[in-house]
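Trainee: Could you please take me through one part of this model closely, and then show me how the rest relates to it? I would like to understand the reasoning at each step.

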Amino acid sequence: MCGLADGVLCLPAQKKTAGVTRRKERGAWGAKQKKEYILDRDGNKIYDPKKRQYKCKSIPTTDWNKQTKAEEWRAAWAQLCNQALEQNGHAERVDHRSYKRQGIDQIPTVHLGVADSAMEKRGIRTERGDLNSEIEVTNQKLRQLKARISKLKNWLKEEQENTDPPTLADYIQGILSRKVQTGKMVSCIERGSKRSRENQKKRLQYLAAGTAGTTDPKKTRYGAITDKAAG
């Protein structure tokens, strides 16, 4: 099986040598790196009396230690996993990238490990398990907050597109709708504070400014309400 587990790549049909050896073209096993002696100006090996050996350095024979190689292996592993999931009819998909690289605003959980996972399954709380629970609750709150922000943005967008000023009927209907939702059909003007009453009067006077001199029964009724509130 080919896959990544805890950052270790297991290649198929190869020995588990922790990346120490490499496979040659003809199937023989070769070294991942080789030793090269450090020479002086005359081309002689330099002896190190402290280590009691000749000085040398390691020369890599592969590019496995490059960081870009790990990215390449992880991407290949994710592709193989997704192919297997699709072939077996599963909707889940694997992505080797972090949440940040995927553009997902979510806190990642920590790896439990074999021991902590077994303890959590038996109902024994662990430090990492508790941390993951806190992370899941935080992520849920973040999702709820993002949903509220999205609704607020949509409402602001609609208000910006609506250039027509609200009518008196719209304003009164909004007051009545809020009172119905709270279960209190009481006039805001009668039970509000003095400042609230004054603000309500000003709004009603402004919204009903266009009703003066009309014979429309509805508009006349709204003007009467305004006069009552202003008086």
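**Helix H4 and its surroundings**

Mentor: Let us begin with helix H4, in which Gly129, Asn132, Ile135 and Asn139 are buried. Please keep in mind that this is a predicted model. Helix H3 is included in what covers the buried residues of H4. The length of H4 can be checked as well: its 35 residues should span 51 Å at 1.5 Å a residue, and the end C-alpha atoms are indeed 51 Å apart, so the two values agree.

The loop between helix H3 (113–121) and helix H4 (127–161) holds Thr126. Is Thr126 buried or exposed? Its relative accessible area is 7%, and residues under 20% count as buried, so Thr126 is buried. Setting aside residues up to four places away in sequence, Thr126 touches Asp116, Met119 and Glu120. With Glu120 there is also a polar contact, made between the two side chains at 2.6 Å.

For a second helix, turn to H1, which covers residues 67–87. Its 21 residues reach 31 Å from the first C-alpha to the last, close to the 30 Å expected at 1.5 Å a residue. The buried residues of H1 are Lys69, Ala78 and Asn82.

Lys69 deserves attention for its charge pairing. Side chains of opposite charge can pair when their charged atoms come close. The side chain of Lys69 forms a salt bridge with that of Glu72, at 3.4 Å from N to O. How does the helix place these two residues? They are 3 residues apart in helix H1, which means that about one helical turn separates them. An α-helix has 3.6 residues a turn, so residues three or four places apart point the same way. The partners do not share one class of exposure: Lys69 counts as buried at 16% relative accessibility, whereas Glu72 is partly exposed at 45%. Lys69 and Glu72 are also linked with Asp63 in a network of salt bridges.

A further salt bridge joins the side chains of Glu71 and Arg101, at 2.9 Å from N to O. This pair links distant parts of the chain, as Glu71 is in helix H1 and Arg101 is in helix H2 (residues 99–102), 30 residues apart. Glu71 counts as partly exposed at 30% relative accessibility, and Arg101 is partly exposed at 47%. Asp95 and Arg97 meet in a salt bridge too, at 2.8 Å. Here Asp95 is partly exposed at 32%, and Arg97 is partly exposed at 34%. A search of the whole structure finds 6 salt bridges.

We may close with residues in loops and on the surface. Tyr37, Leu39, Tyr47 and Tyr54 make a nonpolar surface patch of about 400 Å². Of these, Leu39 sits in the loop between strand E5 (33–37) and strand E6 (47–48). Leu39 has a relative accessible area of 45%, so it is partly exposed. The loop between E6 and strand E7 (53–54) contains Arg52, which has a positive phi of about 60° although it is not a glycine. Arg52 counts as exposed, at 71% relative accessibility. A positive phi, near 75°, is also found at Gly89, which follows H1.

How values were computed: Residues are numbered from 1 along each chain as its sequence is written. This is a predicted model: local features need pLDDT of at least 70, side-chain atom pairs count only at pLDDT 80 or more; totals for chains, interfaces and linings use all residues. Side-chain values use heavy atoms; hydrogens and water are left out. Patches are made of residues with over 30% relative accessible area and no salt bridge: like charges are joined within 9 Å, nonpolar side chains (Val, Leu, Ile, Met, Phe, Trp, Tyr) within 5 Å. Accessible areas come from the Shrake-Rupley method with a 1.4 Å probe; for residues, only the protein chains shown count as cover. A salt bridge is a side-chain nitrogen of Lys or Arg within 4 Å of a carboxyl oxygen of Asp or Glu. Helices (H or I, at least four residues) and strands (E, at least two) are DSSP runs, numbered from the N terminus. Buried means under 20% relative accessible area, exposed over 50%, partly exposed in between (1.4 Å probe, protein chains only). The expected span of a helix is 1.5 Å times one less than its number of residues. A polar contact is a pair of N or O atoms within 3.5 Å; within protein, one must be able to donate a hydrogen and the other to accept it, and residues adjacent in sequence count only if both atoms are side-chain atoms. Contact means heavy atoms within 4.5 Å.
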